[in-house]
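Colleague: I'm new to reading structures, and the vocabulary keeps tripping me up. Can we go through some of the terms together?

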Amino acid sequence: MKKRLFSKIPLAQTIVALCEAKGIYHVVISPGSRNAPLTIGFSEHPEMKCYSIVDERCAAFFALGIAQQIQKPVALVCTSGSALLNYYPAISEAFYSDIPLVVLSADRPVERIDIGDGQTIRQKNVFENHILYSANLYSEVVAETKVEDIKIRQKQREAQKHNEREINLALNTAIEKNGPVHINVPFYEPLYDKIDQPTVFPKNIPLEYPQYTISKELHSEMIQEWNQATRKLVLIGVNFPGKIDQQWINYFADDPSVLVLTETTSNVHHSSHINCIDQLITSLTHEEFKDLQPDILLTIGGMVISKRIKAFLREYQPKSHWHVDEKKAFDTYFCLTEHIRLDINSFLSDFLPQTHVVGSVYKPTWIKVREQRRSKHAEFLKQSAFTDLKVFETLFHAIPSGQMIQLSNSSTVRYAQLFSLHPSYQVFCNRGTSGIDGSTSTAIGAAFASGVPTTLITGDLSFFYDSNGLWNKYIPSDFKIVLINNGGGGIFRILPGKEESDNFSQFFETTHDLSAKQLCDMYNFTYYSATDLQEVNVAIKKMYSQDRSPQLLEVFTPRKENDSTLIGYFKYFV
């Protein structure tokens, strides 16, 4: 068995030891020199799972995908300078999506900052607005000979105590509050020296999970209000599969006064729920909106995608809006009345048994509307030509059950919202900041960590923007990408104020003639292409018939027909 080695620098030893004590075993490392002590410490640890990814932005989103699936912190290690700044898109996504990441950035000692030293920037508190905790550690000189000076030994002990406390606070925060933290680690040279025994044994400060309860008065008032309301709307946003116990989903389903709206990323399914929100409310009149307006709005989960439901609830506000989340509550609809800081199952298991079913026409009325919309949806698609919309219909009929579906942002996730997806799919999308910048890297990290067969459905701008995500040796052989290439940012063609002009196509739609074929050759993906539905169906069958290597299907759709088809789709419900 290979003998384990340690960095000679006590600070690096301390970080690795405390990560181990907190159960942080996944570490994504980007190459560099200043971070060598950390790289040595983690890579020499026999239980650490270390991954090497060159591009720091891709590395951070890859780590995000792992953390998304294992529901535990993943560490990121980078060198000093601009390397750290490339983490920012993923850090902000983790901040708003409640995903725990631990950023470990190597740095120059403080006296080297802003003097013209190479690869040096102001790294302290660099993520200040999108981080749960920033720990700025003290650098330390590792003496080559025994230190006799009492004052030097005292300063070393003080630095060690400060660093231990800060590292503990940061790691505990990532775990307790489920989000990103930053630990800035200045190192003196030499950086590569190793020893065969640790020289420090840091103290592990235990985790402390806060305990919240609802006052008896508030609890009683909420139960009374719920039992009196005949129109209760439950809106479920981003939600991890299986997070809400099925018994409570069934409980909502049995109450005619409760209407449940779910999004594709909610991973919640029931025949009595309405899962295509935009399809339901697009053509409603003022009177119909008034009929849909709830007495009580109960929101569960994370970000909501539908702009239409946001506009509706801001205009037709409920009397009460309750959001249940252990950490935070966004006042998305400008009418938040209660933030219930509890786990959703804990809240529902205590609350719902004390309520009773209320007679109402609320749910039956809107279920009937939903069925009418579904019929119209099928009619339109039956006569629809080959466009993005038709491709999505084909995909969701053809992708095998049991897949993890990772969606890129912009048009892709919004098209997915228009279809009823198979309940066995696990659906994810980076909705914290809704950026296109890391969809591929996140999907690869999620696929690798989960072991679940995964399909990434992505648009062309998202894919090419994150094409470095394919520079990754951890891509599972059964990983699939469906790239819908409509030659530009198609979503801009349906926005108000769109006009056909050179400026529009260049600066908004960003038209292009790129193809993924050469990238697939470079990164050893099996490549398929399709330009009509017959070719799409043939390619999908081939893709899912073998898992010997990652595969990509590039579907070329007509750029100018996509927007008119989608606009016509929503008009068809009027």
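**Putting terms to the test**

Modeller: Sure, let's start with a pair of strands: β14 (residues 404-407) and β15 (residues 426-429) run parallel and are joined by four bridges. By the way, this is a predicted model, where local features need pLDDT of at least 70 and side-chain atom pairs count only at pLDDT 80 or more, while totals for chains, interfaces and linings use all residues. Residues are numbered from 1 along each chain as its sequence is written, and side-chain values use heavy atoms, with hydrogens and water left out.

Colleague: What makes β14 and β15 a pair?

Modeller: Two strands pair if DSSP finds at least two bridges between them, and here there are four, so they pass. One of the bridges links Met404 to Gln426 in β15. Strands themselves are DSSP runs of E, at least two residues, and helices are runs of H or I, at least four, numbered from the N terminus.

Colleague: Why is Asn430 called buried?

Modeller: Buried means under 20% relative accessible area, exposed over 50%, and partly exposed in between (1.4 Å probe, protein chains only). Asn430 has 5%, so it is buried. Asn430 sits in the loop between β15 and α15 (439-450).

Colleague: How do you know that the side chains of Asn430 and Thr442 make a polar contact?

Modeller: The cut-off is a pair of N or O atoms within 3.5 Å; within protein, one must be able to donate a hydrogen and the other to accept it, and residues adjacent in sequence count only if both atoms are side-chain atoms. The distance here is 3.0 Å, and the pair is listed as a polar contact.

Colleague: Why does Gln71 count as partly exposed, while Asn267 is buried?

Modeller: Gln71 has 47% relative accessibility, so it counts as partly exposed. Asn267 has a relative accessible area of 11%, so it is buried. Gln71 is in the loop between α3 (56-70) and β4 (74-78), and Asn267 is in the loop between β10 and α8 (277-281).

Colleague: And the whole chain: what makes it as compact as a globular protein of its length?

Modeller: The chain has 20 helices and 19 strands. Its radius of gyration is 26 Å, close to the 25 Å that the globule rule gives for 574 residues, so it is as compact as a globular protein of that length. That radius is taken over C-alpha atoms, and the rule is 2.2 Å times the number of residues to the power 0.38. Of the 574 residues, 56% count as buried.
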